[in-house]
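Could you walk me through this structure in the viewer, one selection at a time? I would like to know what to pick next and what to look for there.

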Amino acid sequence: MVNENTDTFCFMELVDSQTYRETVERCRSISATAGWTAAIDWAHGWLADTQGKSAADVLRALERTPMDASLIRCLEALCARGVEVSVVSDSNSLFIAQVLHAHGVRVPARMSSALAAASKIALMDPAKEPGAGCASVARVATNVAWVEGAAADGGPGVPRIRLSPHDPRPVGCPRCPANLCKGRALHAVLGTAAGAGAAAPASPAPSRVVYVGDGSNDLCPGMCLRECDVLLARKGYRLAEKLAADPASVRCSVRLWEDGSELAALLLECAVAPAA
Ligand SMILES: [Zn+2]
């Protein structure tokens, strides 16, 4: 939905370019052994303790994350057609709620109350509330974020963002990082069964799923899609490279896109075309 990596975008907005490069470098090094979520959790503690940047500063910086206007209009059109839009992301619950809220997209109630609680601590303007007819996101599967420290629990120091993995115990998927198997998360979002031994589906499968992705961790959900579904992969990114190397890894049809307006056009096309 956004062109930026929200994790690193807020660092770029909050510290000078040299410190930004060092922070990202340190995150990569922590990530190599502990995973990206643990690395970003470390970075928010470091931002608060050594740079004095609070959760409020991070959330305000995230408000400035650009979102393609054609994609927002596309989301509104999809919602008006009754298409359910959900997010499966390796970002985190607070960041997704903040960025979507800042662009007038309604998020699930549990997420907006968590953002409101974080905003109160962070003294962020809680006035922006998406109105009727706005785009909305039905479900979100992502890593869990909250605000901790100082005003949050009466302790000293600056309130900071904390993160924990979406999957508290690694699922053991060979294609996904330990913190989030997007294939399993997609099944949870759709309310469908996740393979052999899984519980019975909670709801009937949707007539068609259109999944948008770019990273290598989007291959796993792509492999869960059926012949009638569509995988929209971003040109020049890891998902498209993996699909080009092994087209038979997915059963669904694959379409490539390059920017927000091309993606918006493809999404609208998929919404009106009958399922194959
Ligand atoms: Zn997986």
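Which strands does H3 lie across, and at about what angle does H3 run to S3? Select H3 together with S1, S2 and S3: the helix lies across these three strands and runs at about 165 degrees to S3. Please keep in mind as you go that this is a predicted model.

**Confidence first**

Colour the protein chain by pLDDT. The average is 88, and 87% of the residues score at least 70. Among the elements of the chain, helix H7 (residues 109-122) has the lowest mean pLDDT, 79, while strand S6 (residues 253-257) has the highest, 98. Where pLDDT is low, the predicted coordinates should not be read in detail.

**The sheet under H3**

Now show S1, S2 and S3 as a cartoon. They make an open sheet of three strands in the order S1-S2-S3, and the pairing is mixed. Strand S1 (86-92) and strand S3 (160-164) stand at the edges with a single partner strand each, so one side of each has no neighbour in the sheet. From one strand to the next, the twist averages 40 degrees.

To see what "mixed" looks like here, take the two pairings in turn. S1 and strand S2 (residues 139-148) run parallel and are joined by four bridges. Select Val 88 and you will find Ala 141 as its bridge partner in S2; for Asn 92, the bridge partner in S2 is Asn 143. Then move to the other pairing: S2 and S3 are antiparallel, with five bridges. Pick Val 147 there, and its bridge partner in S3 is Ile 161.

**From H3 to H1**

Go back to helix H3 (residues 36-51) and add helix H1 (residues 6-14): their axes come within 11 Å and cross at roughly 20 degrees. An angle under 35 degrees counts as roughly parallel, and H1 and H3 are therefore roughly parallel to each other. Their crossing is left-handed. For the side chains, display Asp 7, Thr 8, Cys 10, Phe 11 and Leu 14 in H1, which meet Trp 36, Ile 40, Ala 43, His 44 and Leu 47 in H3. By class, this contact of H1 with H3 has seven nonpolar, two polar and one charged residues.

**A second helix pair**

Next, select helix H4 (residues 55-63) and helix H6 (residues 93-102). Their axes come within 8 Å and cross at roughly 45 degrees, and H4 and H6 are therefore oblique to each other. This time the crossing is right-handed. On the H4 side the contact is made by Val 58, Leu 59, Arg 60, Leu 62 and Glu 63, and on the H6 side by Leu 94, Phe 95, Gln 98, Val 99 and Ala 102. Sorted by class, the residues of the contact of H4 with H6 are seven nonpolar, one polar and two charged.

**The other sheet**

For the last stop, show S4, S5 and S6. These three strands form an open sheet in the order S4-S5-S6, with parallel pairing. Strand S4 (210-213) and S6 are at the edges, each with a single partner strand, so one side of each is left without a neighbour in the sheet. The twist averages 20 degrees from one strand to the next. S4 and strand S5 (residues 230-234) run parallel and are joined by four bridges; select Val 212 and look for Leu 232 opposite it in S5. Finally, add helix H11 (residues 260-272), which lies across S4, S5 and S6 and runs at about 150 degrees to S6.

Terms used:
Residues numbered from 1 in each chain as written. Predicted model: local features only at pLDDT ≥ 70, side-chain atom pairs only at ≥ 80, totals over all residues. Heavy atoms only, no water. Axes fitted to C-alpha atoms, helices over the stretch in contact; angles between N-to-C directions. Helix = DSSP H or I, 4+ residues; strand = E, 2+ residues; numbered from the N terminus. Parallel < 35°, antiparallel > 145°, perpendicular 65-115°, else oblique. Left-handed = near helix turned anticlockwise from the far one by under 90°. Contact = heavy atoms within 4.5 Å. Nonpolar A, V, L, I, M, F, W, Y, C, P; charged D, E, K, R; others polar. Pairing = 2+ DSSP bridges. pLDDT = per-residue confidence, 0-100.
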